[in-house]
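Let's take a walk through a structure together, starting with how its parts sit side by side and then zooming in on helices and strands. Keep the picture open and follow along.

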Amino acid sequence: MPRPELEEITFSIDGREVAAPANMMLVDAAKRGDVEIPVFCYEPKLGQPVGACRMCLVEVEGIPKLQTACSTPVKDGMVVHTQTERVRDAQAAVVEFLLVNHPLDCPVCDKGGECPLQDISFGWGGGRSRFIEPKRHFQKPLELSPLVAIDRERCILCYRCVRFSQEVAEDYQLILQERGADTYVATFDGHPYVAPFSGNITELCPVGALTSRPYRFRARPWDIEQSGSVCTLCPSQCNVSFTVRDERVLRVLGRDNEGVDDGWLCDKGRFAYQAVHADERVTRPMVRDGGVLREVSWERALSEAASGLGRAKGRVGAVAGGQTTNEEGFLLQRLMREALESPNVDSSPFGSRPRADLVALANPRLQATVEDIEFAHTVLVLDCEPIDDAPILDLRIRKGVRRQRTKLAVATSRPSALDPNAIASHRFAPGGGADFARALSRGDESVREFGDALRAAGEEIVIIVGERSASAAVELAEALGLADVGGAGIIEIPAQTNGRGLREAGCVPGSGPGYAEAPDGLSTPQIAGALDAGELTSAYLLHVDPLRDLPGSGAWAVGLERATTVVAHAAFLTDGVREHATVVFPAEGHPEKEGTIVHPDGRLQRVRPAIAHQGENRPEWQVLAELSARLGVETGVMTAGMAFQQLVAAVPFYAGLTLDVIGGRGVRWPERAQATGLPEAPAPAAAPAARDVAPSNGHLRLGTFRSIWASVEVEASPALKFLTARQRAELSPDDAQRLGLRDGERVEVGVNGTRVRATVALRHDAPPGTVFLEEGVAEDAANVLSGEPLVEVKRS
Amino acid sequence: MTQHLLFKDIDEPRLTTLEVYRRRGGYAASERALAMEPAAVLAELNASGLRGRGGAGFPMGRKASFLPKGDMPKYLVCNADESEPGTFKDRELMQKTPHTLIEGIAITAYAVGANRSYIYIRGEYELQADILEAALEEAKAAGLVGDRILGSGFSLELWVHRGAGAYICGEETALLDSLEGKRGNPRLKPPFPANQGLYQGPTLINNVETLATVPHIIAMGGEEYARIGTETSTGTKLVSISGNVRRPGNYEIELGTPSRELIYDLAGGPPPGRDVKLWFPGGSSSPVLTKDDLDLAYDFDTMAKAGTMLGSGAIIVVDDSNSVVDVALKVAKFYRHESCGKCTPCREGTNWTVKMIERIRSGEATPMDLDIMASVQTNIIGHCLCVLGDAMAMPIGSMIEKFRPEFEEYIEARRREADLGSNEPLETPLQVLQGAR
């Protein structure tokens, strides 16, 4: 869809001629002339202005009444006054009105010192109060949710939080109750406002009415420093700013980047910083001694790891988890390929695809940007659930549908939170995403209606696809001709945060840095098998606990049990690490890390340290480089920047990139001229056909998903603990009825003696004959069942 | 003085039935209009000079012509949320002659090309809504509303929608939000409803009386209608006269009639021995006039020149047995209660004003508070999202301006009473502030 075109006009403000794009709102246009017009309710991120607070009244020549600058589009030749007596009186009057019911408890208010109402009262207010009547009173503060406290006395009813809930997150939970001076923000029936994005309202609130409970009374603005970085807890890679006091992260704020997050954060990204300072975090190296892990010196741990790995030369398998940076991934594959002569290095939980597929997927002409989601004619969500897999993209899709009338088509096996916004929704059997995409590419009769809906609005189609169906999505994109259309293409949401960067850094069997050809090696599931078979004797687990994070946890448990040396970088002693690791290096938390990661749309971003390393933590690039050296390969890496330089030198399409160029907003490599450095795609391997097994004998097909809350950081953060994902079995009401199950009932799901306990959750649009279980939860994770096509559901 | 158009047959028994209405010539105007081109119907409305009867007095034909031409879905909404205090003329129209309104809607919808129409009636008008619904059923059955009206190519779907009791829902954009099922809050204008109204479609919104006048205009011709009344305030107007008068009620008058005739001759004036102290010429939101203004002609322009407005045509008479402070409190309380709370000056200003008047009554105010109160009214006027804030600030402001000596006497009297009458220390905000307790 055409992006808004910006025609420059000139207008006059306070006697100055200023150039600005036509129809820009006066508030924003005024900034071009260094004129600040105060606002409370205006926030362009929330959509159309509402003109509720009346703070921005200004005089426009030719219009008798004062106008709200937030809702007045600037026109050529407009003459605006913001400093006349009339305007000053009106603005002072609005400040006075706002303060009528606002308590003067700034000294004990969390917002004090960074409060727009304070600033504006000081800058535009009358300076004295004429109001001596009683103010309105509410009980304060109340829990709006376990994460957000609400102080209704401080609320100035600017509508921001309600608009966020209604028009951005579309959870429709926050409303205004009562009217007039009795109005207050609430949920309809007083239930807690729990939603994936609820924390954003604390940042939107221009007063201290909505405050973060974990941050309450932790610091005053003059105690803290802000430090910009990137959240690495999911592939959305939102830009954040850490609030730091005395080397502790106290808060996470959004750092607006339209190309990434549009200024929003999910609650995991906002509150899981607490895990960094959790007591149970590993902050010293550990070695297994007498069957238990004991804290040891770095020297001891490094030498144990080096000798163990050295003995297993040629027989090591390594898996890199999602929070691994490009540099760490690059050094890991050097360690494996060069020092340990083991090409078995992978970064995908399912096992990476053939190099040919990866190169085809990286084709710059097929890359859609995050902004394209908003302006596409049609967005296809294929075999993924944005709210769980990359939450911030869910908001972007909703924004496009709501504001740009983008059409949305959803094709998933599990019902999607986006279904109500879609013009077409299709359900296929679990694992059927690739087949469905290929049927669409061929124009099969069975999917004709969906295909027609997908193409009806126009040629700019953006495909948002999960990792497992990404290769088929490339074929679909080619069939739709997206390579030749600007604003169209694919965004693959990898299963893990830096899935894309790790591929590009060479953590893929058979594919080196920059997708260069490399000796073939074993993939993630094959490593588990090879450990069990004794072909491999050692495992290197970089930020991954196979029992928690990988499918087929049963096979991994057996494999790791047999391995003689298991080196793990871990922040927490989760099951697999606690039971099987022989050496544990403490993993850095994302506020400690330095490095780069790659966004699903190809944007390289810098992760920058906000706090010093906790405990005895060391940078992990240093650990990897040290191990390489001890095993005979001197990498020459002495700083994180040097690791980055080596990576750039090895990846042709990164050529010329420096940390300065990447800067605070990141750089999309597919947009650079050097993108031609991508190797030619080899002939694609034939895609294996998915097997669809019909449910029978009371068995159901098994589908799995990973909830946004299924992560160890959530469990380790006291504020988020209440959201910890628990196993639930999602199935359709029809199936439930047939099996005699009710919503909320406890069941056991499994096959051949392997079972997990779960709670039944009915979902109306679930495809018949299918049950969905969660992976990655702390207890009863579905990882043990992955690969099983059919399972039994029984009341426990 | 009185001229009967809308009220010509108003007391005819069973006028609510289609049979009687037709016998008295009803729906002849529909037939006549549907035989004309829509543009010609619109031209008649323009020629009539009819100004909106809901309060703003905007020329109805011009408002109708703002709707874009073209094939998009357009809406005609009848504003029957008659909630301005003192106004009860639409109630009588809907209760006694619902078919006039239905016919007016059909003709106007035809003129502007709207195929969907809603009557948004205030929830308290249950009887009237029942009558309207029954009449609508009859009209539908007779082919006067619905598919291909009277065999023409024009179709109109018409619904009666009941509000849930909010003054603000009489504001046209809040009405639209309410009709769409949302909280009834006014919208930011522009866009105006003529461009983006109900469900984002072009929408014409008219008051009941305005639409009920349309059949009469078509029947007699626009130019003929324009001969009634004054040059800029044409036609007849229903006036609801209430308050301290001996014969309160609805009267149909020719615009331009002297106000004294309305209050004294029609409504009988205040009870014996009493004199008019002040009167609201157009509902509680119009700035008040005094007994010196009784000879003003009752029409849109004369009222505007006198610094007030004709509004919905609701005259509220207050005689000298009442205190202006009580009147002000009553008015302010109403608007505080009805403010939607969306914009700051109205939400906080109405609330503050009530608190100040209450303090005056409790004997804790000083004449300085009158200045603050007047300045609060000035700070509200023209700064709000919709006109509700102004609707309180204008009459209160006018009362303080015109009756300041009475306010001051009142303040002084109450101060003395409060000081002398009680030995109990008062726990009031002012005294707390001054350290009294």
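**Chain B: domains and helices**

In chain B, 13 residues of domain 1 are in contact with 16 residues of domain 2. Bear in mind as you look that this is a predicted model. Where do these domains run? In chain B, domain 1 covers 18-226, domain 2 covers 236-319 and domain 3 covers 324-421. Measuring from C-alpha centre to C-alpha centre, domain 1 of chain B and domain 2 of chain B are 27 Å apart.

Now step inside domain 1 of chain B and find helix α3, residues 38-48. Which of its residues are buried? They are B:Val41, B:Leu42, B:Glu44, B:Leu45 and B:Ser48. Look down the axis of α3(B) and you'll see these buried residues fall within an arc of 155 degrees, so they line one face of the helix. Turn to the face pointing away from that buried side, and there you'll meet the exposed residues B:Ala39 and B:Ala40. What do the buried residues of α3(B) pack against? Their partners are α2 (28-35), α4 (60-65), α6, α9 (208-220) and α10 (222-226) of chain B. Right after α3(B) comes B:Gly49, with a positive phi near 70 degrees.

One of those packing partners, α6(B), deserves a visit of its own. This helix has 15 residues, and the stretch from its first C-alpha to its last is 21 Å, close to the 21 Å expected at 1.5 Å a residue. Is α6(B) mostly covered or mostly open? Mostly covered: 15 of its 15 residues are buried. Just after α6(B), B:Gly113 has a positive phi of about 75 degrees.

Pick out B:Val112, which sits in helix α6 (residues 98-112) of chain B. Why does B:Val112 count as buried? A residue needs 20 or more other C-beta atoms within 10 Å to be called buried, and B:Val112 counts as buried because it has 23 such neighbours inside 10 Å. If you ignore the neighbours within four places in sequence, B:Val112 is in contact with B:Ala64, B:Leu67, B:Lys74, B:Leu76 and B:Leu204. For a sense of scale, try hopping from B:Val112 to B:Arg347: they are 235 residues apart along the chain, and their C-alpha atoms are separated by 37 Å.

**Chain A: sheets and a covered strand**

Over to chain A, which is divided into domain 1 (8-83), domain 2 (286-350 + 499-571 + 578-677), domain 3 (373-493) and domain 4 (699-795). The C-alpha centres of domain 1 and domain 2 of chain A lie 52 Å apart.

Before we look at strands, a quick bit of background: strands of a sheet pair through backbone hydrogen bonds, either parallel or antiparallel. In chain A, an open sheet of 5 strands has the order β2-β1-β5-β3-β4, with mixed pairing. Its edge strands are β2 (16-21) and β4 (67-68) of chain A, each pairing on one side only. Within this sheet, strands β3 (residues 57-60) and β5 (residues 79-81) of chain A run antiparallel and are joined by 2 bridges. A:Val60 stands opposite A:Val80 in β5(A). Lying across β3 and β5 of chain A is helix α2 (residues 85-100), which runs at about 160 degrees to β3(A).

Another open sheet in chain A has 3 strands in the order β11-β12-β13, and its pairing is antiparallel. β11 (225-230) and β13 (248-254) of chain A each have a single partner strand, so one side of each is left without a neighbour in the sheet. Neighbouring strands of this sheet are turned by 30 degrees against each other on average, direction ignored. β11(A) pairs with β12 (residues 239-245) of chain A over 6 bridges, and A:Ser227 stands opposite A:Phe242 in β12(A).

Finally, find strand β24 (residues 565-570) of chain A, where 6 of the 6 residues are buried. Which residues cover which side? A:Thr565, A:Val567 and A:His569 are buried on one side, and A:Val566, A:Ala568 and A:Ala570 on the other. Strand β23 (residues 538-542) of chain A pairs with β24(A) in the parallel sense over 5 bridges, with A:Leu541 partnered by A:Ala568. β24(A) also pairs in the parallel sense with β25 (residues 583-586) of chain A, over 4 bridges. Both β23 and β24 of chain A are among the elements covering the buried residues of α7(A).

Methods
Residues are numbered from 1 along each chain as its sequence is written. Chains are lettered from A and ligands numbered from 1 in the order in which they are written. This is a predicted model: local features need pLDDT of at least 70, side-chain atom pairs count only at pLDDT 80 or more; totals for chains, interfaces and linings use all residues. A residue is buried if 20 or more other C-beta atoms lie within 10 Å of its own, exposed if 12 or fewer, and partly exposed in between; C-beta atoms are placed from the backbone. Two residues are in contact if their C-beta atoms, placed from the backbone, lie within 7 Å. The arc is that of the directions from the helix axis to the C-beta atoms. The expected span of a helix is 1.5 Å times one less than its number of residues. Two strands pair if DSSP finds at least two bridges between them. Axes are lines fitted to C-alpha atoms, for helices over the stretch in contact, and angles run from 0 to 180 degrees between N-to-C directions. Domain bounds come from an automatic or database domain assignment.
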